[in-house]
Amino acid sequence: MDIYEKSLALHKQLRGKIAITSKMSVTNKNDLALAYSPGVAEPCRQIAKNEEDVYDYTAKGNMVAVVSDGSAVLGLGNIGPKAAIPVMEGKAILFKNLANVDAVPICLDTQDTEEIIKTVKYLAPTFGAINLEDIAAPRCFEIERRLKEELDIPVFHDDQHGTAICVLAGLINAHKVVNKDLTESQIVINGAGAAGIAIGKLLLAYGAKQIVMVDKEGIINHNNPQTLLNDGHREIAKVTNPEQKTGNLRAALIGADVFVGVSRPGLVTKEMVTTMNKDAILFAMANPEPEIFPDEAKQGGAAVVGTGRSDFPNMINNVVAFPGMLKGALAVRASDINQNMYLAAAIAIANSVSASELTADYVFPEPLNPKTACIVAKAVAQAAKHSGVARI
């Protein structure tokens, strides 16, 4: 059997990947009286007097809602909420296994922006944080923005910020390998959806100055309305492409130091890589097939190549970021997750690869290293305190 057949058999055997377990046993009347009636009335009374006590007397402080509408699931597209459940269950077990954070998959049977916002707000009292997942752009931008404004708990859209954190971490280390300055590199990002725009914003926050965004209509240019397909494009156009370049992806890559692909398979050729600067870095992250395979990229002169796949070196995978990101936010009861916390996470991930380990084929940590979540959580918690969003 191939990997898809094996996975299907496993899911059928287990009937899903998660279950709810109890922290205490209830085997006699005394247990029942403490866990439920009448004893449970006392924590209820305490929380009614002081709502912050909910973190002391319930699971809220270690509980994340993984929320999706099924509109942009992996590379499968708009497959709906029921078909999205296996992915959200997978996310939940990664939270638990890597960061000991409890997570509940919540797949909503609506793709209406206002309905999603309203529903998440109704659910929020139970959770310490919200992880938005696989919600299509541009709707995801408005949903995240509104929820961050209207809730007092962290809201994290992993497809945007988890991807951006991991790309920045990998690029920090890749630039060490090729002895270049990331802030001076010519960077091309292909795919100006949720992930691509978030990557561009975080790289700018880190100090990158020369970023060109490319989407299906070519290089995004604020003087060319044809390339501005939505509000996200219009916003990112104001802060990228300082030389106002025009043309397609082939034109954008000429003289570039970095290619980041969050788009479609096969868009980059070996010949296109030869037009990039010496010791080019390519993160081709389309799944299941990248924009260019590593052997072709290296034949074209690339020095460092990463993909989203586990069967090649430098797997750029969000699992390195999101468990520790929310673990750190929950640890200090953060009211928000902000850009300083994203940057802290990226730098912590980059630094988790030691100088002695760093090579062209190892610029990004192994995705299932259990130490990474703790490293990220510590950095994120500190950044939350420095940013004034920590409540403890």
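Helix α5 passes helix α14 in a right-handed crossing, and I should state at once that we are looking at a predicted model. Two packed helices are described by the angle between their axes and the distance between the axes. Here, α5 covers residues 81-99 and α14 covers residues 322-331. Their axes come within 9 Å and cross at roughly 70 degrees. Angles of 65 to 115 degrees count as roughly perpendicular, so α5 is roughly perpendicular to α14.

Which residues in α5 and α14 meet at this crossing? From α5 there are Lys-91, Leu-94, Phe-95, Leu-98 and Ala-99. From α14, Phe-322, Pro-323, Leu-326 and Lys-327 take part. Sorted by class, this contact has 7 nonpolar residues, 2 charged residues and no polar ones.

Let me turn to the aromatic rings. The structure holds 3 aromatic pairs, and I shall discuss two of them, beginning with one between the helices just described. Phe-95 and Phe-322 form an edge-to-face pair, with 4.9 Å from centre to centre and 65 degrees between the planes. Phe-95 belongs to helix α5 and Phe-322 to helix α14, so that the pair links distant parts of the chain, 227 residues apart. Are these two rings buried or exposed? Both Phe-95 and Phe-322 are buried.

The next pair consists of Phe-293 and Phe-312. This pair is also edge-to-face, with 5.9 Å centre to centre and 70 degrees between the planes. Phe-293 lies in the loop between β9 (280-284) and α13 (294-299), while Phe-312 lies in the loop between β10 (302-307) and α14. The pair therefore ties together parts that are 19 residues apart in sequence.

As for accessibility, buried means under 20% relative accessible area, and partly exposed runs from there up to 50%. Phe-293 has 24% relative accessibility and therefore counts as partly exposed. Phe-312, at 23%, likewise counts as partly exposed.

Finally, I would draw your attention to Thr-372, which is placed in helix α16, residues 370-387. Its relative accessibility is 4%, so Thr-372 counts as buried. What is Thr-372 in contact with, leaving aside its neighbours within four places in sequence? The contacts of Thr-372 are then with Val-320 and Pro-365.

To return to where I began, the crossing of α5 and α14 is right-handed, and Phe-95 and Phe-322, which meet there, are buried.

Terms used:
Residues are numbered from 1 along each chain as its sequence is written. This is a predicted model: local features need pLDDT of at least 70, side-chain atom pairs count only at pLDDT 80 or more; totals for chains, interfaces and linings use all residues. Side-chain values use heavy atoms; hydrogens and water are left out. Axes are lines fitted to C-alpha atoms, for helices over the stretch in contact, and angles run from 0 to 180 degrees between N-to-C directions. Helices (H or I, at least four residues) and strands (E, at least two) are DSSP runs, numbered from the N terminus. Angles under 35 degrees count as roughly parallel, over 145 as roughly antiparallel, 65 to 115 as roughly perpendicular and the rest as oblique. A crossing is left-handed if the near helix is turned anticlockwise from the far one by less than a right angle, and right-handed if clockwise. Contact means heavy atoms within 4.5 Å. Ala, Val, Leu, Ile, Met, Phe, Trp, Tyr, Cys and Pro count as nonpolar, Asp, Glu, Lys and Arg as charged, and the others, Gly among them, as polar. Rings of Phe, Tyr and Trp (its six-membered ring) pair if their centres lie within 6.5 Å; planes under 30 degrees apart count as stacked, over 60 as edge-to-face and the rest as tilted. Buried means under 20% relative accessible area, exposed over 50%, partly exposed in between (1.4 Å probe, protein chains only).
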